[in-house]
Every structure is written in structure tokens, then in C-alpha cells.
Amino acid sequence: MERAAIKVYNTMTRQKEEFVPRDGNRIGIYVCGVTPYSHTHLGHARPNVIWDVVKKFLRSQGYETYHVQNFTDIDDKIIARANEQGVAPLELAQEFIDEYLASMDALGVERADVYPRVSQHIPEIIALVEELVAKGYAYAANGSVFFDVSSFPGYGKLSNQKRDELLEGTRFEVDPAKRDAADFALWKAAKRGEPAWDSPWGPGRPGWHIECSAMSHKYLGCAFDFHGGGSDLIFPHHENEIAQSEAATGEQLARFWVHNGMLNFQDEKMSKSLGNFVTVQDLAKRYPKELLRYYILSTHYRSELEYYEGKLEEMSRGWKRLNQAVTNLEALLRSPDLRRDVSAEDEKALARIGEIQEGIVQALADDFNTAQALGLLFDLVREVNAYSNQDIQPSQIVLEKAEAVFQKYARDILGIVQGKAASGESSLVEPLMGLMLEIRQELRASKNFALADKIRDRLQEMGVTVEDTPRGPRWKIEGVSSDAEL
RNA sequence: GGCGGCAUAGCCAAGUGGUAAGGCAGAGCUCUGCAAAAGCUCCAUCCCCAGUUCGAAUCUGGGUGCCGCCUCCA
């Protein structure tokens with residue numbers, strides 16, 4: 001198949017670069033996951049939905065993807081919270097991991113290929129720390145091991161930080177065991193009451209960044225294709241990962257660094273520590289997942305995205321029009337008397353649909369510009385609605401072509417249009433509605449509008465909308481094909 | 001204090017040198033028994049100043065404002 005040239009913005013070089021996979025068709029992706037000590041919120045949903053779309057798009061272009069996402073299930077915050085609640089830290093982590101995965105399912109996000117956890121990779125982590133010590137990049141002190149930042153010349157290359165200026169204006173207390181304040185822990189000596197593992201330096205546990213170096217290397221090797229995460233991870237997390245990994249292997253950690261913008265709530269970053277979050281579980285109960293994705297994808301992934309109460313309701317108006325267009329198109333496609341030929345007018349329509357499709361591919365290939373793709377999808381909405389409203393009978397060929405574009409991009413890749421209404425559902429509804437509308441048509445024909453309107457009103461009260469179109473009446477039940485009603 | 005990023009209509013949001021996509025809201029119109037849906041038309045010169053250029057929202061310099069990171073964070 002013909003592939004579009006894919007360009008991706010690389011945080012490392014601060015520009016868009018053409019992307020070619022490391023190994024032919026196979027694309028290795030590592031996206032930083034979460035520290036599961038609290039609820040999964042909308043801010044977490046963003047990178048997941050974005051990468052879900054990226055993966056699906058890349059596959060539609062004929063690539064294979066291998067996606068790794070970690071869980072940092074050993075961490076100060078987990079331990080602190082577990083102690084508060086009197087449960088085991090790993091138990092607490094498991095609880096939030098379950099919620100996290102359920103949240104992603106609720107958003108229609110495809111699972112990663114592997115979800116490695118720190119607690120299950122202690123030997124790999126210890127081996128990596130030992131290697132760094134042996135190579136002179138790290139030193140042990142008081143049962144802990146620190147990375148010696150001065151030993152790695154490239155330190156700061158991702159975030160553009162200068163080592164001398166790093167500590168200016170910092171607000172935290174420096175561990176006295178460190179030789180330099182900028183050094184960071186690879187291994188932390190155990191304190192009482194904390195989970196600990198045996199190591200060459202005594203009982204302890206991994207520092208924050210080391211797990212990503214150990215696990216990305218285990219599952220993806222060196223210089224894998226994409227390393228992703230929120231822009232808040234650029235420093236220190238990703239900078240430190242680079243130092244650890246590249247010092248140990250002598251090779252590049254990842255080829256493309258892809259960072260998504262923050263999701264703001266009332267002009268502030270939504271985050272667990274600020275407590276200003278809305279959980280995915282809660283949102284998924286209130287809104288269809290396709291609407292949530294539509295909202296997230298309506299802005300380019302590198303920009304900030306604003307959330308506020310009522311935002312989804314605002315978004316839903318346009319989103320409904322898109323969905324309705326697809327639903328109507330599919331209903332029309334089922335009607336028996338479509339033209340099978342292709343007129344000169346049809347050729348023009350086919351050409352326009354083809355242009356739109358090509359535009360969507362180009363938009364997604366250009367740094368995954370979902371916002372632009374959405375705009376094009378609305379062009380298609382208008383095209384299709386206008387075409388279907390013509391006096392002449394529409395051509396099946398044209399409708400099928402448009403439907404295929406909606407199916408592939410709006411449904412399969414972006415996931416912003418609801419699935420086809422479950423056909424054959426509820427045995428009686430179809431024929432009963434058919435009968436009802438048939439009678440109502442007869443009432444209208446005999447100008448008994450009062451009764452005809454009463455039927456329509458009463459049905460509306462029950463949640464069934466009836467629309468009289470030039471091609472006969474049409475009915476729909478709100479949210480019939482969704483998990484939640486709007 | 002250091003390092004990034006952003007600033008486009010009432011709101012949201014694409015567009016990185018060639019004369020402003022798209023969505024929501026608003027106004028008018030068409031279709032319609034009515035309603036709904038849909039379609040059509042209208043609705044901005046791109047934070048400010050100074051440059052470069054035949055030509056800039058797009059490049060350069062200087063302002064102003066906002067956000068993120070430098071502490072856990074997607």
C-alpha cells in the first residue's frame with residue numbers, strides 16, 4: 001500500500017522530523033504510565049486516547065506497533081497512602097491499576113501490549129544500577145545509590161537545562177549523602193516500615209526514574225521509536241532516563257520524544273496533587289466515550305486543553321451532528337431503491353469525498369493533527385447531507401464511499417462516532433414503531449394533524465424522536481447505541 | 001532566577017511565506033401542515049511595536065500577557 005510520509009515533532013530537536021521506523025515495519029512505543037496511588041483522571045485520559053489514535057493510524061498505514069506502558073507501583077506516595085489506610089502498598093497499587101485499566105476500557109482505548117511493573121522487575125533494575133556503578137556513572141552512599149550527573153556530558157540535552165543553573169531557586173532539601181545536589185537516586189536505602197528488597201547495597205527499593213530505563217530496555221531495546229508522556233515529565237523524569245540508559249548502553253534511548261500538553265481545569269493543570277481532578281470513571285458514567293474522545297481530539301495533542309463543567313455539553317452539539325450524519329447515511333444505505341449507476345454529478349461527489357479522505361490522512365500524518373482531521377470530517381458531513389437531500393435518488397456507490405471514510409477514520413481510528421446501532425435488537429421495537437408511524441402517516445394524509453402531533457409528542461416524551469423527511473418519517477431513540485445517555 | 005511553550009472571531013480551534021479550515025453560538029433564507037433535521041448565505045486580517053520580503057497570522061528583534069517544568073505529577 002502507499003504510505004503517507006509521517007512527520008512527528010521531536011522534543012529532543014524541537015522540530016518536526018520525518019519518521020521512519022527503526023526496524024522496517026515494526027514500531028516500538030514506550031509511554032510513561034502512572035504511579036497508581038490515586039484515581040485515574042481526565043488528565044491521564046489524554047495521552048492514552050492520543051496514543052490509541054496514533055497506534056491505530058500507524059497500523060492503518062501498514063505498520064505494526066508494539067506498545068509498552070509501565071506502572072510505577074513502588075513509590076513514596078503509594079507507601080504513604082497505604083500506611084494511612086493500613087493496607088499493603090502493592091495492594092493499594094493493584095486497586096488503582098485495576099481502576100486505571102477499567103478507565104481506559106471505558107474510553108475505548110486499546111490495551112498496551114505489555115504493562116510492566118516495577119515490583120516485578122527488581123532484578124533487572126538492580127543489574128542496571130550495578131552496571132552504572134561499575135562504569136563509574138553512579139556511586140553508593142549510606143545504602144543508597146546516586147547517579148553522578150557530572151559524569152554524563154549529555155545531561156540536560158532534552159530539557160535544555162544547564163547543570164550549573166539547575167539548583168538555583170529550588171525549594172527542596174538536598175539529601176546530604178549526595179555529592180552534588182543535582183544527583184538523583186537510583187536506589188533508595190530502606191527506612192523502617194517501608195517495603196524493601198535485598199541488594200548489593202543492603203535492603204532498599206528503586207528510585208523513581210530507573211524503572212523506565214530498565215523496563216524500556218528489556219521490552220524494546222535501544223533506540224526504540226517513540227517515547228511518550230506528558231510534557232510535565234520532560235524534566236526531570238525523561239532527562240534522567242536518558243542519562244541512565246545512555247550511560248549504561250552507550251546508545252540512544254529513544255529516537256522520537258513525544259510529549260502531550262497538559263489538561264487544565266480552571267486554568268490550572270489537573271493533577272492528583274492539586275486535587276482538582278475529575279475521574280474518568282465519573283465522566284464515563286455521564287457521557288458517551290466517543291464524545292469524550294471527540295473532546296480530547298479536538299485540540300492538537302501538544303497544545304493545552306481546557307476542561308470545565310459544561311464543556312462536554314458544549315462539545316456535544318457538534319458531535320451529535322457528526323454522529324447523526326453517519327447514522328442517517330447508514331440508514332439511507334439500507335433503503336432498497338438506491339441508484340446503482342454513477343452520473344457526472346456522482347463523479348464529482350466521489351472526487352470530493354476522495355479529496356477529503358486524502359486530507360484526513362495527510363492531517364494525521366502531519367504530527368497526528370486530529371483537530372484538522374476533525375475539520376475535514378465535518379466537511380464530509382456537509383457534503384453527505386447535501387448530497388442526500390437532493391431531489392434525485394442518491395447513488396449507492398457515492399454513499400458507500402462516504403460511509404467507508406466515516407467508518408475508517410471517525411469510527412475505527414479516532415473513535416468519535418458511535419457504533420452501528422445494534423441490528424436486530426429488541427424484537428418488537430422495530431415492527432411496533434413501523435406500525436405506529438404507518439398509522440401516523442395515514443392521519444397526516446387525512447389532515448388529522450392534532451392526533452399525528454400527539455403521537456409524535458408522546459413518543460418524544462418516551463425518548464423517541466420522530467422526524468418527517470421528504471423520504472418519509474425517521475425515528476431514533478436517544479443514546480440507543482451508547483453506554484450512557486446524554 | 002533558569003529552561004520550554006503559547007497568544008487567531010462571542011467561545012473552541014486548524015493553519016509556519018502567497019493573501020484566514022472546521023465546530024459551537026448568533027442573524028437571514030430554503031424545505032415543511034407544524035415541528036425537527038438538513039442545506040444555503042452572512043459573521044475575524046490573526047496581542048502590541050519595529051524590521052526582513054514583491055508578499056507575513058506565518059521569518060527576525062523588542063515588548064506585554066498567560067501556561068508548564070526546575071518538588072510528586074500524564
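Colleague: Let's start with α2 and α3: at what angle do these two helices pack?
Modeller: Keep in mind that this is a predicted model. In it, helix α2 covers residues 76–85 and helix α3 covers residues 89–106. Their axes sit 8 Å apart, and the packing angle is about 105°.

Colleague: Is α2 roughly parallel or roughly perpendicular to α3?
Modeller: The angle between α2 and α3 is about 105°. Angles from 65 to 115 degrees count as roughly perpendicular. So α2 is, relative to α3, roughly perpendicular.

Colleague: How many of the residues in the contact of α2 with α3 are nonpolar?
Modeller: On the α2 side we've got Ile78, Ile79, Arg81, Ala82 and Gln85, and they meet Pro89, Leu92 and Ala93 of α3. In that contact, one residue is charged and one is polar. The nonpolar residues number six.

Colleague: Let's turn to alanine 223. Is it buried or exposed?
Modeller: Alanine 223 sits in the loop between α5 (210–220) and β9 (224–230). Its relative accessibility is 15%, and the cut-off for burial is under 20%. So alanine 223 counts as buried.

Colleague: What separates the C-alpha atoms of alanine 223 and alanine 254?
Modeller: Leaving out residues up to four places away in sequence, alanine 223 touches Arg22, Gln252, Leu253, Ala254 and Arg255. Alanine 254 is 31 residues away from alanine 223 along the chain. In space, though, their C-alpha atoms are separated by 4.3 Å.

Colleague: Which strands stand at the edges of the open sheet of four strands?
Modeller: Reading across this sheet, the order is β4-β3-β9-β10, and the pairing is parallel. An edge strand here has a single partner, so one of its sides has no neighbour in the sheet. That description fits β4 (64–71) and β10 (254–260).

Colleague: And by how many degrees are neighbouring strands of this sheet turned against each other on average?
Modeller: We're still with the sheet ordered β4-β3-β9-β10. Ignoring direction, the average turn between its neighbouring strands is 20°.

Colleague: Let's zoom in on β9 and β10. Which residue in β10 does glycine 230 stand opposite?
Modeller: β9 and β10 pair in the parallel sense, with six bridges between them. Across from glycine 230, in β10, is asparagine 260.

Colleague: Which helix lies across β3, β9 and β10?
Modeller: This helix spans residues 234–249 and runs at about 155° to β9. The strand β3 that it crosses covers 26–34. The helix is α6.

Colleague: Now for β1. Which residues make up its covered face?
Modeller: Strand β1 takes in residues 6–10. Lys7 and Tyr9 are on the uncovered face. The covered face is made of Ile6, Val8 and Asn10.

Colleague: Which residue takes a positive phi in the hairpin of β1 and β2?
Modeller: β1 runs antiparallel to strand β2 (residues 15–19), and five bridges join them. One opposite pair is tyrosine 9 with lysine 16 in β2. Four residues lie between the strands of this hairpin, and the one with a positive phi, near 55°, is arginine 14.

Colleague: What about β7: which residue in β8 is the bridge partner of lysine 188?
Modeller: Strand β7 (residues 184–189) is joined to strand β6 (residues 144–147) by three bridges, running antiparallel, and there phenylalanine 146 has alanine 185 as its partner. β7 also pairs with strand β8 (residues 204–206), again in the antiparallel sense over three bridges. In β8, the partner of lysine 188 is arginine 205.

Colleague: Why is helix α8 said to be largely enclosed by the rest of the structure?
Modeller: Helix α8 runs over residues 289–297. Its buried residues include Glu290, Arg293 and Tyr294. It's largely enclosed because, of its nine residues, the number buried is eight.

Colleague: Stepping back to the whole chain, how far apart are the C-alpha centres of domain 1 and domain 3?
Modeller: Chain A is divided into domain 1 (6–305), domain 2 (310–413) and domain 3 (429–477). Along the principal axes, its C-alpha atoms fill a box of roughly 95 × 50 × 40 Å. Within chain A, the centres of domain 1 and domain 3 are separated by 56 Å.

Terms used
Residues numbered from 1 in each chain as written. Chains lettered and ligands numbered in written order. Predicted model: local features only at pLDDT ≥ 70, side-chain atom pairs only at ≥ 80, totals over all residues. Heavy atoms only, no water. Axes fitted to C-alpha atoms, helices over the stretch in contact; angles between N-to-C directions. Parallel < 35°, antiparallel > 145°, perpendicular 65-115°, else oblique. Contact = heavy atoms within 4.5 Å. Nonpolar A, V, L, I, M, F, W, Y, C, P; charged D, E, K, R; others polar. Buried < 20%, exposed > 50% of the residue type's maximum accessible area, 1.4 Å probe, protein only. Pairing = 2+ DSSP bridges. Domains from an automatic or database assignment.
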